[in-house]
Structures are given as C-alpha cells and as structure tokens.
Amino acid sequence: GGDTTIRNSAFLSNTAVTYGGAIDGEGVLSVSDSTFRANTAGSYAGAVYLNSSATFTDVVMQDNRATGG
C-alpha cells in the first residue's frame with residue numbers, strides 16, 4: 001500500500017468483520033483534525049489497523065471496540 005493522509009474527517013459507526021473498524025491498511029498513515037467514534041472490528045483494532053507507522057495529530061478516538069482478541 002501507499003502512503004495516506006487524512007484531514008478533517010469523521011469515521012463514525014463503521015464495522016469490519018476482522019481488523020480495523022474504520023481503517024485496515026498498509027503504508028504510512030497520517031491523520032489530523034479527525035474523529036474516530038463508535039467503530040467496531042470483529043478481531044482486532046476497533047478503529048485503525050496498520051502494518052506500518054502512523055501519526056495522529058488532534059484526533060479524537062472514542063468508544064471504538066474490537067470484540068475478538
């Protein structure tokens with residue numbers, strides 16, 4: 001995967017069967033001025049699952065859940 005930049009966004013009430021209720025990816029992730037709320041994953045990482053590095057600046061993470069491991 002390539003690098004991804006996210007700004008001024010909201011990820012609300014998303015669901016994934018396995019990993020990362022809002023984001024499941026590879027490559028460098030940069031997120032700013034955004035909200036992750038009430039996202040759910042069936043295995044791991046209720047909001048964000050990555051196989052690389054990430055930077056979060058002025059980001060709200062609230063009530064995200066993983067129901068498995």
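Trainee: Which residue is the bridge partner of L12 in β5?

Mentor: In this predicted model, L12 is bridged to R37 of β5.

Trainee: What makes β2 and β5 a strand pair?

Mentor: Two strands pair if there are at least two bridges between them. Strand β2, residues 10-12, is joined to β5 by three bridges, so the criterion of at least two is met. The two strands run parallel.

Trainee: Which other strands pair with β5, and over how many bridges?

Mentor: Strand β1, residues 4-7, pairs with β5, residues 29-37, over four bridges. T4 of β1 has L29 of β5 opposite. Strand β8 pairs with β5 over eight bridges, and there L29 stands opposite A54. Both the β1 pairing and the β8 pairing are parallel.

Trainee: What holds paired strands together in general?

Mentor: Backbone hydrogen bonds, in a parallel or an antiparallel arrangement.

Trainee: Why are β3 and β9 called edge strands?

Mentor: The open sheet has three strands in the order β3-β6-β9, with parallel pairing. Strands β3 (15-16) and β9 (65-66) each pair on one side only, and that is what makes them the edges. Between β6, residues 40-41, and β9 there are two bridges, which meets the requirement of at least two, so they count as paired. In that pairing, T40 faces R65 of β9.

Trainee: How do you know that Y19 and Y44 are stacked?

Mentor: The model holds four aromatic pairs, and Y19 with Y44 is one: the centres are 5.9 Å apart and the planes differ by 10°. The limits are 6.5 Å for the centres and under 30 degrees for stacking, so both conditions are satisfied.

Trainee: Why does that pair tie together parts separated in sequence?

Mentor: Y19 is in the loop between β3 and β4 (23-25), while Y44 is in the loop between β6 and β7 (48-50); the parts they tie together are therefore 25 residues apart in sequence.

Trainee: Why are Y19 and Y44 called partly exposed?

Mentor: Relative accessibility is 32% for Y19 and 41% for Y44. Buried needs under 20% and exposed over 50%, so values in between are partly exposed.

Trainee: What makes F36 and F56 an edge-to-face pair?

Mentor: The angle between their planes is 75°, with 6.5 Å centre to centre. Edge-to-face calls for over 60 degrees, and centres have to lie within 6.5 Å, so the pair qualifies. F36 belongs to strand β5 and F56 to strand β8, so parts 20 residues apart in sequence are tied together. F36 and F56 also form one aromatic cluster with F11.

Trainee: Is F36 buried or exposed, and how is F56 classed?

Mentor: F36 has 0% relative accessibility and is buried, since the cut-off for buried is under 20%. F56, at 37%, is partly exposed.

Trainee: Why is V59 called partly exposed?

Mentor: V59 has a relative accessible area of 22%. The buried class stops under 20% and the exposed class starts over 50%, so V59 falls in between.

Trainee: Where does V59 lie, and which residues is V59 in contact with?

Mentor: V59 is part of strand β8, residues 54-62. Neighbours within four places in sequence aside, V59 contacts V31, S32, D33, S34 and F36. As for G2, 57 residues away along the chain, its C-alpha atom is 21 Å from that of V59.

Terms used:
Residues numbered from 1 in each chain as written. Predicted model: local features only at pLDDT ≥ 70, side-chain atom pairs only at ≥ 80, totals over all residues. Heavy atoms only, no water. Buried < 20%, exposed > 50% of the residue type's maximum accessible area, 1.4 Å probe, protein only. Contact = heavy atoms within 4.5 Å. Phe/Tyr/Trp six-rings, centres within 6.5 Å; stacked < 30°, edge-to-face > 60°.
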